Amino acid sequence: MPRAFLIVMDSVGAGGAPDAAAFGDAGANTLGHIAEACASGRADQGRSGPLRMPVLDGLGLGAAVELASGVRMPGFSATPAGLWGAAEEVSRGKDTPSGHWELAGVPVPWDWTYFPDTVPAFPPEITALVCRLAGTEGILGNCHSSGVPIIEKHCAEHLQTGWPICYTSADSVFQIAAHEEAFGLERLLKLCADLAPHLHAMKVGRVIARPFTGSPGAFKRTANRKDFAIAPPGPTLLDWVQDAGRMTHAVGKIGDIFSMQGVGKLWKGKGDLDLFDHLDRLGSEAEPGSLTFANFVEFDSLWGHPRDVAGYARALEWFDGKVAGFLSRLRPGDLALFTADHGNDPTWRGTDHTRERVPVVGYGAVGALGIRGFVDVAASVAAHLGVQAQGPGRSFL
């Protein structure tokens, strides 16, 4: 039986979302703007010259970005030899759960709750609940921020008082940073687990534990991050495949994003390097008829949010360099789809995700897809595996 590999390059958007203006993101284009920055010499830290992704471009990545946004990326001129197109989202968000659930066949049927960009950002009753669950007299932060700056700002006070560092963003999320040793990793995880049901009931999408080690000016976030995500609103691609008696493999954040629903085996690691090792191994070892669903988060977390264009370009080139080896491990009849869940244009204002179409590039099939819905990805994977799709999508295979 053929196998399927659905690989999400977290935040690797292609621009062109027709409703981008409603999100303040008209003109954002993660891949297009990175390629333009590289070609003009503005992304030469740790690398140099035009953006180079020959393997994915050979499958159709450059053509997909041009279709999605009208932008021709410098140096991306290959005639597509794979399946290629773009997808757009209908869920009213530009966040991780919305994107992944919809790629897995289930659009979000509700409006997410977002915290205002004010200080304080959280209602008093939420702050009081966190204090009660944490056993502290207060919290630090209580604002919109990205992770590194807020830990830097409050690290010393956190170590002195023991108060958790709480922050949010333009996403529907409540994040808690705490020192693994001084505060305690298990204590942090329990705090987030106990808080999550209260926030999920408010339709806040995720509570995220953000542990770190070290001292002020020399701290480091660890690989023990954990997302406590609200459960999907219906059976997803993972459930469809598992209900058909097939094995499902979740690589990286997929288990967290889907609250482990439909996950047969979970494979995690310290970073994307470890996760690609899992993907390579599954390319050789995954069972006939199985689904491997992988998320590579560091494009988003390490380079998109900090607005590091050169770092993002280095990550894209590293990833492309690994893809050829992975594809060589696939068997006749297998399908590998590379896509994304949203954008995070590192040339854009602010530090948040950007509303974009995403590329859909495939190995194991050939042809132009046009612009499709996120849900069509799930329907297509289900069709390839010969399992019953339950969502609204239409297969492009």
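**Exercise 1.** Work out which residues T236 is in contact with, leaving aside its neighbours within four places in sequence.

*Solution.* Start with the ground rules: this is a predicted model, where local features need pLDDT of at least 70, side-chain atom pairs count only at pLDDT 80 or more, and totals for chains, interfaces and linings use all residues. Numbering runs from 1 along each chain as its sequence is written, and side-chain values use heavy atoms, with hydrogens and water left out.

Step 1: place the residue. T236 sits in the loop between strand 8 (226–229) and helix 8 (237–243); helices (H or I, at least four residues) and strands (E, at least two) are DSSP runs, numbered from the N terminus.

Step 2: look for contacts, meaning heavy atoms within 4.5 Å. With those sequence neighbours set aside, you get A104, V106 and F258.

Step 3: check exposure. T236 has a relative accessible area of 0%, so it's buried (under 20%; exposed is over 50%, partly exposed in between, using a 1.4 Å probe and protein chains only).

**Exercise 2.** Describe helix 4 (residues 96–103), its start and what follows.

*Solution.* Step 1: at the start, a side-chain oxygen of D95 comes to within 2.9 Å of the backbone nitrogen of S98.

Step 2: go along the helix. Eight of its eight residues are buried, including H100, W101 and E102.

Step 3: after the helix comes G105, with a positive phi near 100°.

**Exercise 3.** Find which residues touch the most other members of the largest nonpolar core.

*Solution.* Step 1: build the core as a set of buried Ala, Val, Leu, Ile, Met, Phe, Trp, Tyr and Cys residues joined through side-chain atoms within 4.5 Å.

Step 2: rank its 82 residues; L237, F319, F326 and F338 touch the most other members. Helix 12 (residues 309–328) supplies the largest share of this core, ten residues.

Step 3: zoom in on F319. Not counting residues up to four places away in sequence, F319 touches I7, M9, L56, F276, F296, F299 and F338. Apart from this core lies another, of 26 residues, among them C131, I176, L188 and A209.

**Exercise 4.** Using the UniProt record, say where the "domain: Metalloenzyme" feature runs and how its ends sit.

*Solution.* Step 1: UniProt lists residues 3–387 in an unreviewed entry; its positions use the numbering here, feature names are shortened, and annotations may be inferred rather than shown by experiment.

Step 2: the end C-alpha atoms of that span lie 12 Å apart, and the span is 38% helix and 20% strand.

Methods:
Polar contact = N/O pair within 3.5 Å; in protein donor to acceptor, adjacent residues only side chain to side chain.
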